[in-house]
Amino acid sequence: KYKLSLESYGAARAAMMSLKNEEGKSLRITPNLLVVAPALEGKARQILFAQQIEGSDNIYYKSAELMVLPELAGMDTAWFLLDTSRPIKPFLVQERQPVEFVPMDKPGDANVFMRRQYLYGTEWRGNAGYTLWQLAYMSTGTTAYPAS
């Protein structure tokens, strides 16, 4: 039911697009980005870019863009459907201090002089989090959030 398929993709779109506010008005959510692990790339491409599937017209043809994230390798059944068309995105990254590259590779550095080791690192300060939960749908392959 929750594994990526034409049916589960359609159910997720319908669930997101059907969300209403407390006054009963549509939130006008339009999912436009499907995010998958490399293991699901073939299935996702079929859903989004095949004009026909098993002899029938694909009603979801070009209904969203596709993003394949290598970072999701190992989460081979997880997929995400997002609405990124608004000024407010589903996720927020707040940077307090930009990334700073820190090399320790000069002959006078203790680690270079004593051990012949060259060390490199980075430092960053910030946070990341969710904004509006309504703009994101996630399926692990066995469970979906928000439930559809």
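**Helix α2, the sheet and selected contacts**

R45 is partly exposed, with a relative accessible area of 41%. This value, like those that follow, comes from a predicted model. The side chain of R45 meets that of E41 in a salt bridge, with a distance of 3.0 Å from N to O. Both residues belong to helix α2, where they are four residues apart, or about one turn of the helix. E41 is also partly exposed, and its relative accessible area is 28%.

Helix α2 spans residues 41-49 and packs on the sheet, where it touches β1 and β4. The buried residues of this helix are A44, I47 and L48. Seen down the axis of α2, these buried residues fall within an arc of 85 degrees, so they line one face of the helix. They pack against α1, β1, β4 and β2, the last of these being residues 52-53. The direction of α2 makes about 175 degrees with that of β4.

The sheet itself is open and has five strands. Their order is β4-β1-β5-β8-β9, and the pairing is mixed. At the edges stand β4 (65-68) and β9 (144-145), each of which pairs on one side only. In general, the strands of a sheet pair through backbone hydrogen bonds, in either a parallel or an antiparallel manner. Strands β5 (residues 79-82) and β8 (residues 136-139) run antiparallel and are joined by four bridges. Within this pair, W79 stands opposite S139 of β8. Helix α1, formed by residues 6-17, lies across β1 (33-36), β5 and β8. The helix runs at about 35 degrees to β5.

The structure holds two salt bridges. Besides the bridge between E41 and R45 in α2, a salt bridge is formed by R86 and D83, whose closest N and O atoms are 3.3 Å apart. The two partners differ in exposure: D83 is buried, with a relative accessible area of 0%, whereas R86 is partly exposed, at 26%.

Two loop positions were also examined. S63 is placed in the loop between β3 (56-57) and β4. With a relative accessible area of 18%, S63 counts as buried, because the cut-off for a buried residue is under 20%. The side chain of S63 reaches the backbone oxygen of Y60 at a distance of 2.8 Å. When neighbours within four places in sequence are left aside, the contacts of S63 are with Y9, R13, P31, N32 and L48. Of these residues, L48 is one of the buried residues of α2.

Q117 occupies the loop between α3 (110-115) and β7 (119-130). Its relative accessibility is 37%, and Q117 therefore counts as partly exposed. With neighbours within four places in sequence left aside, Q117 is in contact with M104, N111 and V112. M104 and Q117 are 13 residues apart along the chain, and their C-alpha atoms are separated by 8.6 Å.

Note on methods. Residues numbered from 1 in each chain as written. Predicted model: local features only at pLDDT ≥ 70, side-chain atom pairs only at ≥ 80, totals over all residues. Heavy atoms only, no water. Pairing = 2+ DSSP bridges. Contact = heavy atoms within 4.5 Å. Axes fitted to C-alpha atoms, helices over the stretch in contact; angles between N-to-C directions. Salt bridge = Lys/Arg side-chain N within 4 Å of Asp/Glu carboxyl O. Buried < 20%, exposed > 50% of the residue type's maximum accessible area, 1.4 Å probe, protein only. Arc of directions from axis to C-beta. Polar contact = N/O pair within 3.5 Å; in protein donor to acceptor, adjacent residues only side chain to side chain.
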